[in-house]
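I opened the notebook for a look at one helix and its surroundings. The plan is to go from a single residue outward to the packing and the core.

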Amino acid sequence: DWIETGKILNSIGKKYGFEQIGKGRITNDTLIATSTARECLTLETSNVKDFERIGAFRVIKLKMI
């Protein structure tokens, strides 16, 4: 999960700017997303912006609450 998270964060940095990665929440959210995706779980969140951004680089099942 950590390796996958690093690859996704690199892609986010290239597309949106690396200052976005400096925010700890995107790193934590990416790790949560890769972990839930690995287990084929649905991630329930009200944090639409970050998880949609992550979802552009990793298929994740999201349920907005």
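I looked up the contacts of T34 first, skipping neighbours within four places in sequence: T34 touches D1, E4, T5, I8 and R58. The model is a predicted one. I placed T34 in helix α2, residues 24-38.

Buried or exposed, I asked of T34? The relative accessible area is 1%, so T34 is buried; the cut-off for buried is under 20%.

Next I checked how α2 packs on helix α3, residues 48-55. The angle is about 60 degrees, and the axes lie 10 Å apart. I therefore logged α2 as oblique to α3. The α2 and α3 crossing is right-handed.

Which residues meet across this pair? From α2 I noted R25, I26, D29, T30 and A33. From α3 I noted D50, F51 and I54. I sorted the contact of α2 with α3 by class: four residues are nonpolar, one is polar and three are charged.

Last, I pulled up the largest nonpolar core. How many residues make up this core? I found eleven: I8, L9, I12, I21, I26, A33, A37, L43, F51, I54 and I60. Two or more of the core residues come from each of α1 (2-16), α2 and α3. A general note for the margin: nonpolar side chains tend to be buried together in soluble globular proteins.

Cross-check on my lists: I8 is a contact of T34 and also a member of the largest nonpolar core. I26, A33, F51 and I54 are in the α2 and α3 contact and in that core too.

Definitions and conventions: Residues numbered from 1 in each chain as written. Predicted model: local features only at pLDDT ≥ 70, side-chain atom pairs only at ≥ 80, totals over all residues. Heavy atoms only, no water. Helix = DSSP H or I, 4+ residues; strand = E, 2+ residues; numbered from the N terminus. Buried < 20%, exposed > 50% of the residue type's maximum accessible area, 1.4 Å probe, protein only. Contact = heavy atoms within 4.5 Å. Axes fitted to C-alpha atoms, helices over the stretch in contact; angles between N-to-C directions. Parallel < 35°, antiparallel > 145°, perpendicular 65-115°, else oblique. Left-handed = near helix turned anticlockwise from the far one by under 90°. Nonpolar A, V, L, I, M, F, W, Y, C, P; charged D, E, K, R; others polar. Core = buried A, V, L, I, M, F, W, Y, C linked by side-chain atoms within 4.5 Å.
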